Amino acid sequence: MNRAVKFELKNGKTVTIRRIRGTDVDAMINFFDKFVRDPSTKYTSQYLGQPKKNRESSVALYDDPNNLFLGAWYDDEIIGEASIVKVTPQNQKFRGLTGVTGNIIFDEFTSKGLGRKLNVMIEKWARKNSVHRLEAEVFHKNIRSLNNFMKLGYEIVGIKHDVAIVDEEWMHIYILEKILAG
Ligand SMILES: CC(C)(COP(=O)(O)OP(=O)(O)OC[C@H]1O[C@@H](n2cnc3c(N)ncnc32)[C@H](O)[C@@H]1OP(=O)(O)O)[C@@H](O)C(=O)NCCC(=O)NCCS
């Protein structure tokens, strides 16, 4: 996934999607800084005032061939990202056969087809890179995200109760998985 692709959103705007590299670290730090002020943060684990991502470890994470971080750019700014991180690929028992996935998009750009597109690209990479099992965790109130994963064939396989409080309400976390053939 080295080539940039253009993707037209349902509102006619075009975004450019490509792998995030270590050299994009500052753009990603800005992205998270902005995202925590965005309404879309509500049902995610990101929070206002969270410490800035560590530069060095972020660069290593983005440049690690065992992971894929995809960014979507609009007007030279990252407006969404999706990722898959292989679980302990160096451990012979696990061999990176599970990939943990996640995605966040600025509110203005949600519900326009981008989340689905990014997840499809993540899955394609996972299949090519020997990932057998995809896993995601989603707050139970995050309907957009649950729909997005479930429409792509993820199933809810577990629940963690009372994990966080949002608007004075306990949040549960659904664990979703999708087993890839092969
Ligand atoms: C969750 C998220 C990544 C989904 O991406 P998206 O671009 O909004 O989703 P898409 O437009 O590609 O739609 C994919 C599916 O998601 C569901 N969906 C999207 N917007 C929805 C909405 N407003 N209400 C209910 N379901 C919705 C639909 O099932 C949709 O499929 P359909 O268009 O065939 O009906 C995005 O909304 C987001 O980043 N939200 C904020 C951050 C977040 O919650 N991240 C996930 C943390 S686990």
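This report walks through the sheet, the helices and the ligand shell of the structure above. The model is a predicted one, and that is worth keeping in mind throughout.

**The sheet**

Let us start with the strands. The model holds an open sheet of 8 strands with mixed pairing, in the order S1-S2-S3-S4-S5-S6-S8-S7. Strand S1 (5-8) and S7 stand at its edges, and each has a single partner strand, so one side of each is left without a neighbour in the sheet. On average, neighbouring strands of this sheet are turned by 25 degrees against each other, direction ignored.

As a general reminder, strands of a sheet pair through backbone hydrogen bonds, either parallel or antiparallel. Both senses can be followed here. S5 and S6 pair in the parallel sense over 3 bridges, and Thr98 stands opposite Arg133 in S6. S7 and S8, by contrast, run antiparallel and are joined by 8 bridges. Within that pair, Ile159 has Tyr174 of S8 as its bridge partner.

How many of the 12 residues of strand S7 (residues 155-166) are buried? The number is 0, so S7 lies largely in the open. S7 and S8 also form a hairpin with 2 residues between them. Asp167 sits in that turn and is exposed, because 7 other C-beta atoms lie within 10 Å, where 12 or fewer count as exposed.

**The helices**

Helix H1 (residues 25-35) makes a good first stop. The buried residues of H1 are Val25, Met28, Phe31 and Phe35. They cover an arc of only 115 degrees around the axis, which puts them on the same side of H1. Among the elements that cover these buried residues are helix H2 (55-63), S4 and S5.

Lys34 also belongs to H1. Lys34 counts as partly exposed because 14 C-beta neighbours lie inside 10 Å, a count between the limit of 12 or fewer for exposed and that of 20 or more for buried. The C-alpha atoms of Lys34 and Trp125 are 28 Å apart, and the two residues are separated by 91 residues along the chain.

Helix H3 lies across six strands: S1, strand S2 (14-19), strand S3 (67-74), strand S4 (77-86), S5 and S6. Its angle to S4 is about 35 degrees.

Helix H4 lies across S6 and S8 and runs at about 160 degrees to S6. Which residues of H4 are buried? They are Ser145, Asn148 and Phe149. These residues cover an arc of only 90 degrees around the axis, which puts them on the same side of H4. They pack against H3, strand S6 (133-139) and strand S8 (169-179). On the face turned away from this buried side, H4 carries the exposed residues Ile143 and Lys151.

**Positive phi values**

A few residues with positive phi deserve a look, and they are gathered here.

| Residue | Place | Phi |
|---|---|---|
| Ser130 | loop between H3 and S6 | about 60 degrees |
| Gly153 | following H4 | near 100 degrees |
| Asp167 | loop between S7 and S8 | near 50 degrees |

Ser130 has its positive phi although it is not a glycine, and Asp167 is likewise a residue other than glycine. Ser130 counts as partly exposed because it has 14 C-beta neighbours inside 10 Å.

**Around the ligand**

Finally, we come to the ligand. Which of the 22 residues around the ligand come nearest? They are Ser40, Thr110, Gly115, Arg116 and Asn147. The elements giving two or more residues to this shell are strand S5 (98-105), helix H3 (114-128) and helix H4 (143-151). H4 gives the most, with 6 residues. Sorted by class, the shell has 12 polar, 6 nonpolar and 4 charged residues.

H4 thus appears in two parts of this account: it gives residues to the shell around the ligand, and its buried residues pack against H3, S6 and S8. H3 likewise gives two or more residues to the shell and lies across strands that include S5. S5 itself is on the list of shell elements, and S5 pairs with S6 within the sheet.

Note on methods. Residues are numbered from 1 along each chain as its sequence is written. This is a predicted model: local features need pLDDT of at least 70, side-chain atom pairs count only at pLDDT 80 or more; totals for chains, interfaces and linings use all residues. A residue is near a molecule or strand if its C-beta atom, placed from the backbone, lies within 6 Å of it. Helices (H or I, at least four residues) and strands (E, at least two) are DSSP runs, numbered from the N terminus. Ala, Val, Leu, Ile, Met, Phe, Trp, Tyr, Cys and Pro count as nonpolar, Asp, Glu, Lys and Arg as charged, and the others, Gly among them, as polar. The arc is that of the directions from the helix axis to the C-beta atoms. Two residues are in contact if their C-beta atoms, placed from the backbone, lie within 7 Å. Two strands pair if DSSP finds at least two bridges between them. Axes are lines fitted to C-alpha atoms, for helices over the stretch in contact, and angles run from 0 to 180 degrees between N-to-C directions.
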